[in-house]
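Visitor: Could you take me closely through one part of this model, the sheet, and show me how its strands are arranged and what surrounds them?

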Amino acid sequence: MLFILTLVVMAMPLRAEGIAFFHGTWQETLAKAKSENKLVFVDFYTQWCGPCLNMAQTVFVLPEVGAFYNANFVSAKIDTENGEGIELAKKYGVRSFPTYVFIDPATGEAVHRSSSRQTEEQFIATGKAALTPTQRSFYLIEEYNKGNREPQLLIDYIRYNHSIYQRKAVEEAFDALIAGGAKLTDQNIWDLFVEVISGMDNKYVQQVSKEYSLFCQTFGKKAVDAKLVKETMYGDVALLDSMCDFEGKAFNRKMIEVSKLVYSKQYDKAAVELDALIADPTVDQQELIQRMKFLVRVPRGYKSVPATWFYKSVEYLRYIAYNQIDRDDANIHQEYAAALEELLRNLPDKTQVPAVLLTAPKYGKKGYSMRPDVLKPKPKH
């Protein structure tokens, strides 16, 4: 029986993990896609592009992503600075990285394109849009430019531009959607608003504040507060003060004030405020940690800030490294380690510090960095 089970297991196909990229020539890629009646998906990248590497290591490798892309496309990775990639990047107008282009193999023409770092959900949605003619980027842009203001066209156009970080296009199209009769109190419009509209001074965020009770009755206080908290993390204190009283407003106000103190170099006052927040049992410490990360980074160059703030920053980085729940976030440990090195390197009395910590390593890398080994340095032009 064991022998039979072993044969069955050996005969079962291995589960594909991630996108199975085809590594033939460009003409071979087109021929393969044509014979399989699929579009070609191309990831245009460079070897020095951080977001490109991030997508390759965290999104392309996911089983769900692989299952969808392998079933619907012949996929290729093309280095835009080597071999055929140089001319192909010119042909398809690739100017930023990563750029994703979906190509009809029969004509060689691009039918859909997208770009930037994307989540698993966004990237699968990008692929689904490529398979749906009325959701493809070229169709959406052409129809919008021709004056098509049908609600669904606008919604698809907004989501596409949001996926490639075109904030101005998103806001203009959202205005057109509302002008056409859509209401922020409609569930689908609210969901779109939550997804794509940002900024404390945005008129729709301000509308939610002014009609707070109505929106809470419609969508629930928790959902409304979450959106207002997200959009008021940064901005003008006076504008925030003029808004409704939502859960999290006071904390956002305090963090905006602390940020101003740091950026105006009033470090002693900033330290007093941060110490009080850390000691306050009513403050969500994980949220505080997330906000502190960007305030207490130790600048390289010990004398660029007062010594007292330098030491406090190291103390705060230790607090973050010790207490952040997400222990897999390597950045918190890298920031703390780098701060410790800077501290040791600049101690007035170095007699008690091991010499190995004060000199560059004899072997291997000369500095501490989170940059992956496989990521090449960006060329200087």
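Guide: What follows is a walk through the sheet, strand by strand, and then to its surroundings.

The model is a predicted one, and the protein has 19 helices but four strands. Of its 381 residues, 42% count as buried, and the C-alpha atoms fill a box of roughly 70 × 65 × 60 Å along the principal axes.

The four strands form an open sheet in the order S2-S1-S3-S4, with mixed pairing. Strand S2 (73-79) and strand S4 (109-115) take the edge positions, and because each has a single partner strand, one side of each is left without a neighbour in the sheet. On average, and with direction ignored, neighbouring strands are turned by 20° against each other.

Strands of a sheet can pair through backbone hydrogen bonds in either a parallel or an antiparallel manner, and the mixed character of this sheet can be followed from one pair to the next. Strand S1 (39-45) pairs with S2 in the parallel sense over seven bridges, and within that pairing Phe41 has Ser75 of S2 as its bridge partner. With S3, by contrast, S1 pairs in the antiparallel sense, over five bridges, and here Val40 stands opposite Ile103. S3, which spans residues 99-104, is in turn antiparallel to S4, the two being joined over six bridges, with Val101 opposite Arg113 of S4.

S1 is mostly covered, since six of its seven residues are buried, that is, under 20% relative accessible area. One element lying over this part of the sheet is helix H2 (residues 26-35), which lies across S1, S2 and S3 and runs at about 145° to S1.

Within S3, Thr99 merits a separate look. With a relative accessibility of 2%, Thr99 counts as buried, and its contacts, leaving aside neighbours within four places in sequence, are with Val42, Asp43, Phe44, Val94, Arg113, Ser114 and Ser115. A polar atom of the Thr99 side chain also lies 2.6 Å from the backbone oxygen of Ser96. Just before this strand, the peptide bond from Phe97 to Pro98 is cis, with omega near -5°; Pro98 belongs to the loop between helix H5 (85-91) and S3.

At the other end of the strand order, the edge strand S4 also takes part in the largest pocket: S4, helix H6 (120-131) and helix H8 (151-163) each supply at least two residues of its lining. This pocket holds about 330 Å³ of space. Its lining comprises 15 residues, and those nearest its centre are Ala125, Thr126, Ala129, Arg159 and Tyr160.

Beyond H8, the chain enters a loop leading to helix H9 (167-179), and Tyr165 is found in that loop. The phi of Tyr165 is near 65°, a positive value in a residue other than glycine, and at 55% relative accessibility Tyr165 counts as exposed, whereas Thr99 in the sheet is buried.

To set the sheet in the context of the chain, among contacts in the protein between residues at least 6 apart in sequence, 60% join residues at least 24 apart.

Methods. Residues are numbered from 1 along each chain as its sequence is written. This is a predicted model: local features need pLDDT of at least 70, side-chain atom pairs count only at pLDDT 80 or more; totals for chains, interfaces and linings use all residues. Side-chain values use heavy atoms; hydrogens and water are left out. Two strands pair if DSSP finds at least two bridges between them. Axes are lines fitted to C-alpha atoms, for helices over the stretch in contact, and angles run from 0 to 180 degrees between N-to-C directions. Contact means heavy atoms within 4.5 Å. Buried means under 20% relative accessible area, exposed over 50%, partly exposed in between (1.4 Å probe, protein chains only). A polar contact is a pair of N or O atoms within 3.5 Å; within protein, one must be able to donate a hydrogen and the other to accept it, and residues adjacent in sequence count only if both atoms are side-chain atoms. On a 1 Å grid over the protein atoms alone, a cavity is a set of points where a 1.4 Å probe fits but cannot get out, and a pocket is an open set with protein on both sides within 12 Å along at least five of seven lines; lining residues have an atom within 4 Å of a point. Grid points are joined across faces, edges and corners, and a volume is the space filled by probe spheres set on the points.
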